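This report describes how the parts of the structure below meet, and then turns to a few individual residues.

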Amino acid sequence: MKIKRITAHCVKLPLIEGSYRWSGGKSVTVFDSTIIGVETDEGLVGYGEVCPLGPFYLPAYADGVRAGIKELGPHLIGLDPRELNVVNQHMDAALLGHPYVKTGIDIACWDLLGKSTGLPVCVLMGGRFGESVRLYRAISQIEPDQMAANVAMYSEQGYTRFQLKVGGDPDTDIERIRAARAVLKPTDRLVADANTGWTQHEAMRVVRAVSDLDVYIEQPCVTYEECLAVRRNTTAPFILDENIDGLDRLLRAKADLAMDVVNLKISKLGGLTKAKQARDLCVSMGIAMTLEDSWGGDITTAAIAHLAHSTPEPFRFTSTDFNSYVTVSNADGAPVREDGFMKASESAGLGITPKMDVIGPAVVEVC
Ligand SMILES: [Mg+2]
């Protein structure tokens, strides 16, 4: 089986809530997602999706995915898409860095491996652990009382994990955390995710001011060293996200005891192959994970479900059903949330079928 053609398609994903806002006043109203199709000489087509959280969250932007596919695509024509490590080796040799560009191709190749063997991706990634995957809901940054109302609303929909977007004014953030915790059950988990938004002294004030609460602190500051300093001055469970972009950082953070949970995003690491590598290492090192991506629609949500469902349950902290945040569905067969949980499909590959009328004609074609 050989890769014959690679296509990229644009899909706009408007948010049901109208906008999504996080630290530093950053926000997105309509996501610009790229669907990647990898077609083989045997007629099978695999699909992947990449959707950066705007151009200012990670070093990634939507047009960069498309430009990157033009650069990378010609190096992959003729390769066997089922040989994931070979494909990844070729991608890394042809284009230094740019993990998000490689992500859609890698996911599409896993989809092809599944379709060609008749097995779901989660089985190929190690096997299905447990019945379903527990989800968190991200709570967009607005006024404290409105955020608490949204936490209560999503709690009624079955979610038991919440990620509060803080990283704004520290005094308002303290109010946000207190208001949200007050509407939750004792068994619910609350994460205050600052998305690098606090300076070190601000982070130190916030963690001290909420030290009586059951709350996790995620990525308070920009640099790893600042986060480590905050971590060493709080007893709150601590999560690193933006700083952990590969195995080097993961190993250093383990050696420094810099976190209790790590947030692994598929496109931050470069696809399912590299996310699996990091995931398996975390399991071996005893670190629980939030398994997700930067954003996306149905195809991203399917990829997340397969990664998460093939992770041993004690190490699954949370995952995300991004397809429930947006008004547009780009594929049939994607996971549908039930009471705050989702499942990976039991069909071959990712188990999704793109809606061709939604993903439209190719904006990039390499053959
Ligand atoms: Mg985060």
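In this predicted model, 48 residues of domain 1 are in contact with 39 residues of domain 2, two residues being in contact if their C-beta atoms, placed from the backbone, lie within 7 Å. Domain 1 covers 3–119 + 354–366 and domain 2 covers 123–350, with bounds that come from an automatic or database domain assignment. The C-alpha centres of domain 1 and domain 2 lie 22 Å apart.

Because this is a predicted model, local features need pLDDT of at least 70 and side-chain atom pairs count only at pLDDT 80 or more, whereas totals for chains, interfaces and linings use all residues. Residues are numbered from 1 along each chain as its sequence is written.

The side of domain 1 that touches domain 2 receives at least two residues from each of strands S1 (3–14), S2 (20–21), S4 (30–40) and S5 (45–50), and likewise from each of helices H2 (84–94), H3 (99–117) and H13 (356–359). Helices (H or I, at least four residues) and strands (E, at least two) are DSSP runs, numbered from the N terminus. H3 gives the largest share of this side, 12 residues. By residue class, the side of domain 1 that touches domain 2 divides into 28 nonpolar, 11 polar and nine charged residues, where Ala, Val, Leu, Ile, Met, Phe, Trp, Tyr, Cys and Pro count as nonpolar, Asp, Glu, Lys and Arg as charged, and the others, Gly among them, as polar.

Three individual residues are listed next with their surroundings. A residue is called buried if 20 or more other C-beta atoms lie within 10 Å of its own, exposed if 12 or fewer, and partly exposed in between, with C-beta atoms placed from the backbone.

| Residue | Location | Other C-beta atoms within 10 Å |
|---|---|---|
| Asn-195 | loop between S9 (189–193) and H7 (200–209) | 23, buried |
| Thr-196 | loop between S9 and H7 | 21, buried |
| Ala-278 | helix H11 (residues 272–285) | 24, buried |

Asn-195 has a positive phi of about 45 degrees although it is not a glycine, and Thr-196, also a residue other than glycine, has a positive phi near 70 degrees.

Which residues does Ala-278 touch, not counting residues up to four places away in sequence? Ala-278 touches Leu-247, Leu-250, Leu-264 and Leu-269 on that basis. Ala-278 and Leu-251 are 27 residues apart in sequence, and their C-alpha atoms are 9.8 Å apart in space.
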